[in-house]
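Let's take a walk through this one together. Have the viewer open and follow along as we go.

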Amino acid sequence: MDRITPKALFLRRRELLKLGAGVTLLTSAAARARAAIPHGPQLPGVKPNPKYSTDEKKTPFDDIASYNNFYELGTDKSDPSANADKLQTRPWQVVVDGEVKKPRTWKIEEILHSFPLEERVYRLRCVEAWSMVIPWNGFPLADFLARHEPTSRARYVAFTSAVQPQMPGVRGFAGIPFPYLEGLRIDEATHPLALLAVGIYGEQLPNQDGAPIRLVVPWKYGFKSGKSLVRIHLQETQPPTTWSQYAGGSEYGFYANVNPEVDHPRWSQARERRIGEFLKRKTLMFNGYEEVAPLYAGMDLRKFF
Amino acid sequence: MKRWLVPAAFAACLLPLAWLVVRFLRDDLGANPIAEVLNRLGLDAFVLLVLTLACTPAQILFKVNWPIRIRKLLGDFCFFYACLHLLTYAGLDQGLAFGEIGRDIVKRPFITLGVTTWVLLLPLAVTSTQGWQRRLGYRRWKGLHRLVYLAGVLACVHFLWRFKTALFEPLLWSGVVALLLGIRIVSRLRLQSR
């Protein structure tokens with residue numbers, strides 16, 4: 001074997017050294033890139049509710065808490081976890097008003113002490129065609145609304161998310177107006193599946209997942225489940241909602257039920273990638289929660305998408 | 001001219017891919033690695049397309065010729081990343097479900113445009129050699145390679161349509177492409193008025 005370095009290679013030794021240095025630099029930079037996601041304090045007294053569970057594999061905490069759409073904290077999936085400390089969750093109040101006999105302004109601590117927490121494992125299907133399986137901790141929205149005794153004119157429920165001036169997304173180029181608004185019909189809001197969540201995996205919600213209290217409506221696309229709620233308003237008319245007003249209402253509807261038959265104008269909704277899986281799986285009607293179908297009996301779900 | 005220019009540019013063009021490989025090996029591609037790889041490769045191809053389009057304006061504005069010397073390299077690497085982007089879409093994102101891919105291409109302008117851009121780049125990459133330049137004759141070769149302007153515009157629209165909102169980044173890049181094409185037009189008009 002010829003042990004003399006070929007001349008051409010010898011002449012390029014400096015380049016090769018530089019290339020080697022570059023690769024080392026890249027490698028060490030990557031080693032620093034993945035930071036640990038902080039956990040919240042444990043929630044006491046959470047009881048699993050076997051009626052609302054699934055044997056599907058749960059999405060790991062780190063994925064649930066690092067891959068988020070929360071435009072107030074930035075529009076990249078990784079922004080909300082990176083900017084999580086820009087959301088102040090204490091003190092926190094939730095106003096419940098409108099068509100109720102007993103309006104009330106709650107301190108978050110009062111809510112946490114007033115409603116027994118259960119664990120429900122729900123599928124979450126994002127409108128962007130990815131999905132997760134999340135063990136939420138919370139209580140039925142129906143129980144919460146009942147405390148305020150809705151009047152007969154309460155036909156819709158409007159949800160308002162927090163806007164805080166230090167949140168980077170609300171000052172930037174998020175492309176949607178704030179505060180973030182969502183809404184449900186009263187029969188949707190009082191369906192037993194609809195949940196107000198305050199935690200995941202038995203721990204207080206990470207800020208990027210909508211701390212301290214958020215909506216979870218598992219048969220609808222994820223954007224319907226408003227995060228970091230400050231106001232719940234019962235009313236007679238259908239409330240304006242953030243995404244259904246975007247692009248003149250052509251891309252996202254008020255109902256936004258998970259529906260493999262009705263595509264987004266720019267992508268198919270027939271399949272989804274479950275986070276952590278390689279091949280896409282088929283998307284199920286109402287995200288697999290067929291029990292909500294009677295809510296939409298007689299409605300054209302292509303028209304009311 | 002300096003001998004290290006082309007090898008240095010070659011190495012630099014491989015860096016985005018190396019970076020992805022390193023992140024993959026370190027399990028640092030986030031919760032949805034396929035989407036991350038897909039988006040990153042698309043952005044890499046787009047940036048290389050912009051750099052390819054920047055060579056002539058650099059010559060016009062700053063009277064430097066070295067960008068022209070690496071233009072073929074930049075263009076070839078643009079196509080290389082565009083191929084990886086397309087393969088990631090078809091193979092990893094869609095899992096080679098050809099029915100779905102076909103429907104996507106026909107029904108969704110966002111996908112249609114992406115694929116069209118790749119198809120436009122294909123003959124440019126094939127004929128980017130001096131041999132093909134000779135075979136076609138310089139005029140015809142140049143005419144063919146003007147397709148890159150159309151590819152640049154289509155790539156911008158494809159990039160814009162990818163976003164749900166927050167169009168700041170693709171709008172900024174589209175502005176850069178518009179500027180690069182505008183410089184050519186102004187320079188051409190000036191030559192004609194002389």
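## From one helix to the interface

Just past the end of α4(B), Gly95(B) adopts a positive phi of about 60 degrees. Keep in mind that this is a predicted model.

Now step back into the helix itself. Helix α4 of chain B covers residues 71–93, and at 1.5 Å a residue its 23 residues should span 33 Å; the end C-alpha atoms sit 31 Å apart, which agrees. Quite a few of its residues are buried, among them Leu73(B), Leu74(B), Phe77(B), Phe79(B), Tyr81(B) and Asp93(B). What covers them? From chain B, the cover includes α1 (5–25), α2 (33–62), α5 (98–107) and α6 (109–126), and chain A contributes β12 (271–274).

That strand from chain A takes us to the interface. Here 39 residues of chain A are in contact with 33 residues of chain B. About 2900 Å² is buried between the two chains, and carbon and sulfur atoms give 57% of that area. The interface of chain A and chain B also has four salt bridges.

How far apart are the closest N and O atoms of Arg273(A) and Asp93(B)? They are 3.1 Å apart, and the two residues form a salt bridge. Both Arg273(A) and Asp93(B) are buried.

Over all chains, the salt bridge count comes to 26. Try a couple within chain A. Arg185(A) pairs with Asp187(A), with the closest N and O atoms 2.9 Å apart. Is Arg185(A) buried or exposed? At 13% relative accessibility, Arg185(A) counts as buried, because the cut-off is under 20%. Asp187(A), at 29%, counts as partly exposed. As for the cross-chain pair from before, Arg273(A) lies in strand β12 of chain A and Asp93(B) in helix α4 of chain B, so this pair joins two chains.

There is also a bigger arrangement to trace: Glu56(A), Arg123(A), Arg125(A), Glu272(A), Arg274(A), Glu277(A) and Arg281(A) are joined into one network by salt bridges that share partners. Another pair to look up is Glu110(A) with Arg104(A), a salt bridge at 3.3 Å from N to O. Glu110(A) is partly exposed at 28% relative accessibility, and Arg104(A) is partly exposed too, with a relative accessible area of 34%.

Finally, look at the surface. Phe173(A), Phe168(B) and Leu172(B) make a nonpolar patch of about 340 Å². Of these, Leu172(B) is found in helix α10 of chain B, residues 168–193.

Terms used
Residues numbered from 1 in each chain as written. Chains lettered and ligands numbered in written order. Predicted model: local features only at pLDDT ≥ 70, side-chain atom pairs only at ≥ 80, totals over all residues. Heavy atoms only, no water. Helix = DSSP H or I, 4+ residues; strand = E, 2+ residues; numbered from the N terminus. Expected span 1.5 Å × (residues − 1). Buried < 20%, exposed > 50% of the residue type's maximum accessible area, 1.4 Å probe, protein only. Contact = heavy atoms within 4.5 Å. Patch = residues over 30% accessible without salt bridge, like charges linked within 9 Å, V, L, I, M, F, W, Y side chains within 5 Å. Areas by Shrake-Rupley, 256 points an atom, 1.4 Å probe, with all protein chains shown as cover. Salt bridge = Lys/Arg side-chain N within 4 Å of Asp/Glu carboxyl O. Buried area = accessible area lost by both parts, 1.4 Å probe.
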